[in-house]
Amino acid sequence: MNQRELDQIATLVVQKLHASGTSRAGNVPRRTEAFSPPSNPVGGTPRAQVDAPVAPKTAAAPRSRRVADFVDHTLLKAEATREEIEKLCAEARQYEFAAVCVNGCWVKTCADLLSGSGVKVATVVGFPLGAMTSAAKAFEAGELVKLGADELDMVAPIGHIHDQDWDYVQDDIEAVVSAAQGRTVKVILETGTLEPLVVVKASAIAMEAGAGYVKTSTGFHPSGGATPEAVALMRLAVGDRLGVKAAGGVRDCAGALNMIAAGASRIGTSNGVNFVECIGAGPAPLEQLLANPDAHDHVCKTGTCGGVY
């Protein structure tokens, strides 16, 4: 995919975002029809054909799901203890979250604790800076797969994204995708540092490189975490071909609902238990809230959510 193609795709996506209307989150479109890149972008010889992207390892979330199905139950602080990891896995089993997300040193422990539960083990690669060599990321990914990781959340080379050195970015992602041996790869873009057009281009490159998801943030960067605007932009960029993960700062039910409404198919959070206890365990409450946010109480049942949904 060459620079002219990326420019055209990015411009079309941003134009579509501006034309999509508003939501309660503030100038954020509700779920909208998928954006399809043009089959024959103007000029140049693409590195790979835009109209024949690599098949993703996952798809966007269907609308009828429980809130727990969106949750990657996350504990990435360096000082996490075995007791805390065991508690994380016990909660993930109890609430049937989509996955736990932990640092690599805990992958084997989580794989053992969650065996047979249906809860996936996600871990991070090149975390939290993304600035190591592609070979180092690929080696790390391979080791984590051996330990039992089901999903790999890799940090893209953020400096090269800022440089718009797309060949380097694509090679970096492809190295991890190859080492993942078919496991889902989520590409962290650190969207708080990027202009909208660059978010779109980076999302398109991640899709081209064979990733299964694009992800907003590490949660460790001073630029901040996920926003509904970034999620909506990424969803328009990848359509239904990839998942979109919102991570960083999603602490209450209002934030979770806004992310899902904007197009998130996963949410990285440490507050998933609160979300389930507040919203409910089944699919019906979530669907009702997405259709009519005013149906929710103004105050979360767990006491953690403030304001009107």
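The side chain of Ser217 makes a polar contact with the side chain of Thr216, at 3.2 Å. In this predicted model, the Ser217 side chain also reaches the backbone oxygen of Gly225, at 3.5 Å. Ser217 sits in the loop between β6 and α8. Is Ser217 buried or exposed? Its relative accessible area is 0%, so Ser217 is buried.

Which residues does Ser217 touch, leaving aside those up to four places away in sequence? They are Ile188, Glu190, Thr191, Gly224, Gly225, Ala226 and Ala247. Gly225 thus appears both in this contact list and as the owner of the backbone oxygen that the serine side chain reaches. Ser217 and Val187 are 30 residues apart in sequence, and their C-alpha atoms lie 9.2 Å apart in space.

**Strand β5 and its neighbours**

Ile188, one of the residues touched by Ser217, belongs to strand β5, residues 184-188. This strand is mostly covered, with 5 of its 5 residues buried. Side chains in a regular strand alternate between the two faces of the sheet. In β5, Thr184, Lys186 and Ile188 point one way. Val185 and Val187 point the other way.

β5 has a parallel partner in strand β4 (residues 151-155), joined to it by 5 bridges. Here Met154 has Val187 as its bridge partner. Strand β6 (residues 213-215) also pairs with β5 in the parallel sense, over 3 bridges. In that pairing, Ile188 stands opposite Lys215. The connection from β5 to β6 includes helix α7 (residues 196-208), and the three make a right-handed β-α-β unit.

**The barrel**

How many strands make up the closed barrel? There are 8, in the order β1-β2-β3-β4-β5-β6-β7-β8, with parallel pairing. Neighbouring strands of this sheet are turned by 25 degrees against each other on average, direction ignored. β7 pairs with strand β8 (residues 266-269) in the parallel sense, over 3 bridges. Ala247, another residue touched by Ser217, stands opposite Gly268 in β8.

**Two helices**

Helix α4 lies across β3 (120-125) and β4. Its direction is about 160 degrees to that of β3.

Helix α8 covers residues 228-238, and 10 of its 11 residues are buried, so the rest of the structure largely encloses it. The buried set includes Pro228, Leu233, Met234, Leu236 and Val238. Arg235 is buried too. Just after α8, Gly239 takes a positive phi of about 60 degrees.

**Salt bridges**

Side chains of opposite charge can pair when their charged atoms come close. The structure holds 15 salt bridges. Three of them are set out here.

| Pair | Closest N to O | Location |
|---|---|---|
| Lys245 and Asp72 | 2.8 Å | strand β7 (residues 243-247) and strand β1 (residues 71-75) |
| Glu91 and Lys87 | 2.7 Å | both in helix α2 (residues 82-95) |
| Asp172 and Lys137 | 2.8 Å | helix α6 (residues 166-179) and helix α4 (residues 134-147) |

The Lys245 and Asp72 pair links distant parts of the chain, 173 residues apart. Both residues are buried.

Glu91 and Lys87 are 4 residues apart, about one turn of helix α2. An α-helix has 3.6 residues a turn, so residues three or four places apart point the same way. Why does Glu91 count as buried? Its relative accessibility is 17%, and the buried class takes in residues under 20%.

Asp172 and Lys137 form a salt bridge between helices. The pair ties together parts that are 35 residues apart in sequence. Asp172 counts as buried, at 0% relative accessibility. Lys137 is likewise buried, at 0%.

Which residues are joined into one network by salt bridges that share partners? The network comprises Asp72, Glu151, Asp153, Lys186, Lys215, Lys245 and Arg266. Lys186 is one of the residues on the β5 side that also carries Thr184 and Ile188. Lys215 is the residue in β6 that stands opposite Ile188. Lys245 and Asp72 bring strands β7 and β1 into this network.

Definitions and conventions. Residues are numbered from 1 along each chain as its sequence is written. This is a predicted model: local features need pLDDT of at least 70, side-chain atom pairs count only at pLDDT 80 or more; totals for chains, interfaces and linings use all residues. Side-chain values use heavy atoms; hydrogens and water are left out. A salt bridge is a side-chain nitrogen of Lys or Arg within 4 Å of a carboxyl oxygen of Asp or Glu. Buried means under 20% relative accessible area, exposed over 50%, partly exposed in between (1.4 Å probe, protein chains only). Two strands pair if DSSP finds at least two bridges between them. A crossover is right-handed if, with the strands pointing away from the viewer, the path from the first strand over the helix to the second runs clockwise. Axes are lines fitted to C-alpha atoms, for helices over the stretch in contact, and angles run from 0 to 180 degrees between N-to-C directions. Contact means heavy atoms within 4.5 Å. A polar contact is a pair of N or O atoms within 3.5 Å; within protein, one must be able to donate a hydrogen and the other to accept it, and residues adjacent in sequence count only if both atoms are side-chain atoms.
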